[in-house]
Amino acid sequence: MGKNNNKKKSSLPNEKHLLLPLHRTAATTPVVDTHTHLLTTYSWYRSKYSTGKFNDIYEFVRGLYVGRNVKAIVDVWCEPPVPRAWKELADSAISPADRATKWGGMDYWFVMGDHEAKKYNDEVEKTILEAMAHPRCVGWGEIGLDYHYDHSPRRIQQEILTRQLRIAVGLKKPLTIHTREAEEDTEHILKAEVPADHPIHIHCFTDSPEFAQRLLDHFPNLHIGITGVISYSTNVNTSATVRHMVSRPEGPRFLLETDAPYMVPGNIYASLPEVKGRLPICHTAMIPWVADFAAASGVDGWDTTRIMRRANENACKVYGITIS
């Protein structure tokens, strides 16, 4: 047992490798992550590196993002009961002075919703409604249907998605939608409950390109989220969806996101030749490698820089954020 434990420990890359080299595109193009779970990412970091040098979330952000041209993140709170840390982080990003000192000059925005339908209740809804009034809140989510894991009965998933959509639309809040292996029901509910011109972010898209096309055709302000999963050999749908989007008359409506701490881009290791094993967490500074893989997916005329710039423009449209 001791031998196996030592082997396991030795396979964990040194913490220093989490600090990525400055990507050539990020040197001139801002990095914007439209979907990250920051508290979970930091918790994973502490669990993997118990003696790590970053003692809180702010040190983690400054240590890994400063110098990598990370300008803005949209943090996601969606697992009830939502810890009160959401308000501490949001409050700490209100003043420019705090954003400079605590966040290293990065803009912190957030969304909130309930992605675990069976846990939704009036108290959860009360917390979400409180968050909607915060000046750093830019949307309701992530919410949606997941028929792959089915953590909640499908009928409950549908009912709670509908309930949240009605409130969010009434508040005119942008929507962050999760959908996996639930194309028919997601499409039906969105078209029934959401005005066609409402801003929507379909987060971490992995479903069929045909489904994406139907949503893009119906909702002119809907955008598709691209994560590091685009680089995985098990996923061909996302690359095909990107190729379709760049051919649309209005141009691609994609957003770049990490969904950190999940899904480290597989292509990042070519830039990290000294890393042995796999990095245990994804984080926002990996966005340029997501864009790299999208650019290499057969999209003529769209290099990494152009993809990142368009994605940043789209982030501003969907969430109303500014990139300083």
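Q: A salt bridge is a side-chain nitrogen of Lys or Arg within 4 Å of a carboxyl oxygen of Asp or Glu. Why is E142 said to have no salt bridge?

A: The structure is a predicted model, in which local features need a pLDDT of at least 70, side-chain atom pairs count only at pLDDT 80 or more, and totals for chains, interfaces and linings use all residues. Residues are numbered from 1 along each chain as its sequence is written, and side-chain values use heavy atoms, with hydrogens and water left out. For charge, Lys and Arg count as positive and Asp and Glu as negative, whereas His and the chain ends are not counted. The nearest side chain of opposite charge to E142 is that of R180, 10 Å away, so the salt-bridge cut-off is not met. E142 is nevertheless buried (under 20% relative accessible area; exposed is over 50% and partly exposed in between, with a 1.4 Å probe and protein chains only).

Q: What makes the pairs that E142 forms with H178 and with H203 polar contacts?

A: A polar contact is a pair of N or O atoms within 3.5 Å; within protein, one must be able to donate a hydrogen and the other to accept it, and residues adjacent in sequence count only if both atoms are side-chain atoms. The side chains of E142 and H178 are joined at 3.1 Å, and those of E142 and H203 at 3.3 Å. Both values therefore satisfy the distance limit.

Q: Where is E142 found, and which residues does E142 touch?

A: E142 belongs to strand β4 (residues 137-146); helices (H or I, at least four residues) and strands (E, at least two) are DSSP runs, numbered from the N terminus. A contact means heavy atoms within 4.5 Å. Not counting residues up to four places away in sequence, E142 touches H35, H37, V76, C78, G113, D114, H115, T176, H178 and H203.

Q: How do you know what confidence the model carries?

A: Confidence is read from pLDDT, which is the predictor's confidence in each residue, from 0 to 100. The protein chain averages 95, and 97% of the residues score at least 70. Over residues 1-8, however, the pLDDT is below 50, and this stretch has 0 contacts in the model beyond near neighbours in sequence.

Q: Why is the protein chain called as compact as a globular protein of that length?

A: The chain holds 12 helices and 8 strands. Its radius of gyration is 19 Å, close to the 20 Å that the globule rule gives for 324 residues, so the description applies. This radius is taken over C-alpha atoms, and the rule is 2.2 Å times the number of residues to the power 0.38. Of the 324 residues, 55% count as buried.

Q: What makes D292 and R24 a salt bridge, and why is D292 called buried or exposed?

A: The side chains of D292 and R24 meet at 3.4 Å, N to O, and this distance therefore falls inside the salt-bridge cut-off. The pair links distant parts of the chain, D292 in helix α11 and R24 in the loop between α1 (2-10) and β1, 268 residues apart. At 15% relative accessibility D292 counts as buried, while R24 at 59% counts as exposed. In general, side chains of opposite charge can pair when their charged atoms come close.

Q: How do you know that E187 and R214 form a salt bridge?

A: Their closest N and O atoms are 2.8 Å apart, so the cut-off is met. E187 lies in helix α8 and R214 in helix α9, 27 residues apart. E187 is buried, with a relative accessible area of 11%, whereas R214 is partly exposed at 34%. E183, E187, K191 and R214 are linked in a network of salt bridges.

Q: Why is helix α11 called mostly covered?

A: In α11, 8 of its 9 residues are buried, among them W289 and D292. The elements covering these buried residues include β1 (31-36), β7, α10, β8 and α12 (304-319).

Q: Why is T304 counted as buried or exposed?

A: T304, which is in helix α12, has 7% relative accessibility and therefore counts as buried. Leaving aside neighbours within four places in sequence, T304 is in contact with H23, R24, T25, P288, A291, D292 and A295.
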